[in-house]
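This report concerns the nonpolar core, the salt bridges and the surface charge of one protein model.

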Amino acid sequence: MDLVNSSGTALDVGQAAALANQGTDLSLLNPLENKMWQNRVYPGVEDIPGSYPVAQRGVQFLSEEAALPFTYMSRVQSLENPNLFYRLSLSRLTHTTLMRAALLRKLGYYVPSPKYYRNLRVFFKTEAEKESFLKNAQESMISDFESRGWVTEDNKTNHSVVFSDAVLEPAVAEYFDIQWGYAPDPNNPNQLPAVQRYSRYRAYRALILPFALVDLPESVNRFSAKFGAVLSGHVVINHPSAESFSAASFEDVRWLVRRMAELRYSDFVEIVRAGAYPQELEDLILAKLLHRAHNALELFNVKNSSALPLPDLNITSRSGLVKDGKVTQEFVPGYPQRFAHGDRQSPFQDGDLERYMGIRAKSAVIGTVMNHINEKLDLLSTSDLFQNRRDEITQRVLEHIRERPYEPLYQKVEAWGGPVGGFNLGATRHVTTGTYFGSSAPIQLVDNVSVAGRLGYFMTLDGVPKITPMAGANIMVMRDYTHVRPLNSIQEGTKVSWKDLLVPRFMSKLSAVLDEKDPIKSQEEGKPARQPLDAFLSELREGEVFTVTDSIALSAYAQASSSLDVLMGISPLNFLNTVAVGVDGNRAILRQTSFMRTKEGVQVYVRSQNSKAMGMTLDINYFINVMRVRANTTWAELSTDAFVIDYNPEYAEYIDSENQEAKFVKDFIKTRNDLKPALRALFKSNDPELLYANFNHRKFEIDHNLKTREIRNKFFAMRVNSFNEDHTLKIRYPRSAEAPDLDPKDEEVTLFSNKRGELIGRDLLGFAFDWVEGLMNKWWPKGRVDLARSDDPNPANTPYGKAYWRTVTTEADLTTNAKQYPSVGVVQRVWGGWHLNRKKFLKLIDEVQGELKNSPVGSYRLIEKEAFSNVTAVDFYRITANLSILPGGLDKVKDLILQPDQDGKSVPKAKFIGRLFQKLSEKMGRKARPHDQEMFNDMVTVLGNGDFKRGKSEFITACQEEQDAHKKRKNDELSGFLGQRNLL
């Protein structure tokens, strides 16, 4: 502890703790002065005549010194005064360092001012020495000196080079060079003692502020106007060296924020000018820096005592180098840095809608062809039964006319039907986002093929007035293949061969390399040969999934349908529309094998499922399906063996003859030798037997009991879904190879989760496809057109769809044989879609912020709009707001509902009028309880964040707003009615 009180007396740890307990704000106390920090303000730039050499004379190179990310440093000597030595730095972050040095000096840190040279000549002893320097510098800086302009002159006669954007600093520093934004790494054992030594000083711990405040990357466009954020009541500051300041407290950083708050606008102007940026960029950098400073003041609750302005970020420079707050060109003449790296590539680009529609069109053609093939494979179809019935009725009518021509013919209520069955082929390809079969890539290409056989019985009734009842039962056997391929762009999806839609063929072709015994020669020149397994895995992307499913399902259904017009008593258009109500149930047995490529290796899931389901459906059709309501309840028992196998093929290049006996190498080679035949059998014949034999000690066993209740509503393009899920999981860890007698069941983990939620969305493209498909099938009934519509219930995963969904999840640990962890709850709200323009995006941010206005973090701007100053639109967006309820919060909610303290108490007697309404209310509902008043009081207190009066005021205000809105709606409806009446 190095703090001093207002009189300058040093405080020990106990004294500082006592002051904190008394309510003293420790951020008001300065630390002791030392070599790093003094209680004063230094000029942003210190220019001492003669302290640095003249650029034209240059310096003599002596030795290479250090290499930092994007930076190369060396030791040089003055030619004017051989007794002066400097450090020469070439860096893509030169200007950031110059700014940070000026800021540090303004905050009281003594940092010798670096000397910036637009051009500096450096002499070398030989050409070989010079070429070695250039080679090493380019590799460290990851920059091409020739194309970037780092070298403006290369003199082979005197072995000199003129460098652009060079920096000289004194060769000896009292401590590490903090202006470069790098601190000792606590994860490095050699640097850990330095971190521990420096962390005793507040001036060091608070360095995270200047490190992060001017953490300006090479591209100015990627310098965010947002400094930090609040997460779970903590201020979060990101920086590559943040771990070095893990000892920093809120008060430590707030102390330095207070000093920053004393800086004037002119100080920030001086700091930016010290960065030696192109003049046209200075206004934009200054504006972003001031926004970051404001954000820091907000996060640490420090008053803006210097009245720093908050400039508009939509800046445009004279020449157009900066337009609407965005740098428009990469390079500026005379500077080797790239001040703009270009926009981050969006997965959804110009022309992608046409490409997407092209994929859908080809998939629709395939689906339509499949429909015609399946029509031929439908050996016993309902259409045949209907045709036979029509022939029978026709024959009956003809016989009646011949035999009893003058008698009326009545249709009796009679049942008819017959067996149905056949085979079915399916093949689809579509592009989606979100999570699909475990893959969470931004864009995925999903191929699916299936073959099925079914046999059943169909029955219906004739002669029932106005409705057509029907029922049936089927048994189906099916094999299904799914391949989820992560994409970098939709354009890439158009280049994937349509032959790969035949997933079994593609899996066989992909795994052909596993048949090889010898290493596979690389097609890239200079690359070493690879083992067959390594070559196989290198062809797969992280998140790529293959799934093979075999299932047997028994189902039964009953349905009643009619024409809307008939039900309403009119019949001219009854062939155009129908309304149908149905119930169904099924029982399925499923076995599924799923393979996923992960960052660490591979994961394979072998799953068995036994499920049953019951559902009800309401359909209203008019050319297309106008409205559909589907309620479904599913009970499922799943048993999964999950093989988690860590194997990174890139490690193979580090294995050589010298480390063959190392344990890691032996384990790596054994995994490779065991995994190759197991994957070959899996991909060739869907046989996991070798997987069980070779990786039994990496097998997690999971038993999953699931009950879901779901209601899906569709009305034109609107989608409204709700669900309630109960999950019970039992997880057993892999058996130990070292201790085979241990039974994983003895350490079985049991978890329970309830998840309920609702979704509201809009799928305009899907609705348009419904119309196109409906019209095409009306005009060409025999065409059986199928536009391969996605069955994803979330419109946010389809082009130009959007959705909002809210889920409430409660999770509990029911483990009995081990430590039981407390229950938690999560309330999650998500806004998602494929595209959102900037205006609507910012409006959505305001909506999220408004929901939190009365919370403890309501005073913070959780999402700063200025951080999105260069954003014109958001593609494939997910905006998530999470509220985590920890065990203490769940106990409060339980007490709030149950009110255990009120058990046995009587309800206070109301006065005459109040008693009258109380009796009336009890007659219509239930009797009053003492819990009710207490529950109301507690809920109002929660609304007021612990303050009953504040909560009651907010409750009354909310009620008044709702009442006013209700009155406005009624007035609008009345005005509309009166307007229509006047027109009549």
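The following paragraphs treat the core, the ion pairs and a charged patch in turn.

The model is predicted: local features need pLDDT of at least 70, side-chain atom pairs count only at pLDDT 80 or more, and totals for chains, interfaces and linings use all residues. Residues are numbered from 1 along each chain as its sequence is written, and side-chain values use heavy atoms, with hydrogens and water left out.

The largest nonpolar core (buried Ala, Val, Leu, Ile, Met, Phe, Trp, Tyr and Cys joined through side-chain atoms within 4.5 Å) contains 72 residues. Those with the most contacts inside it are Tyr109, Leu207, Phe227, Met260 and Phe268. Among the helices that each supply at least two of its residues are α2 (94-106) and α8 (250-261); the largest share, 11 residues, comes from α10.

There are 51 salt bridges in the structure, a salt bridge being a side-chain nitrogen of Lys or Arg within 4 Å of a carboxyl oxygen of Asp or Glu. One network links Glu65, Arg75, Arg87, Glu169 and Asp177. Individual pairs include the following.

| Salt bridge | N to O distance |
|---|---|
| Arg338 and Glu330 | 2.6 Å |
| Glu392 and Arg396 | 3.1 Å |
| Arg404 and Glu403 | 3.7 Å |

Glu392 and Arg396 are separated by about one helical turn because they lie 4 residues apart in helix α12 (residues 382-403).

Arg762, Lys802, Lys839, Lys840 and Lys843 form a positive surface patch (residues with over 30% relative accessible area and no salt bridge, like charges joined within 9 Å). Helix α20 (residues 838-851) gives the most to this patch, with 3 residues.

Definitions and conventions. Patches are made of residues with over 30% relative accessible area and no salt bridge: like charges are joined within 9 Å, nonpolar side chains (Val, Leu, Ile, Met, Phe, Trp, Tyr) within 5 Å. Accessible areas come from the Shrake-Rupley method with a 1.4 Å probe; for residues, only the protein chains shown count as cover. Lys and Arg count as positive and Asp and Glu as negative; His and the chain ends are not counted. The place of a charge is taken as NZ of Lys, CZ of Arg, CG of Asp or CD of Glu. Buried means under 20% relative accessible area, exposed over 50%, partly exposed in between (1.4 Å probe, protein chains only).
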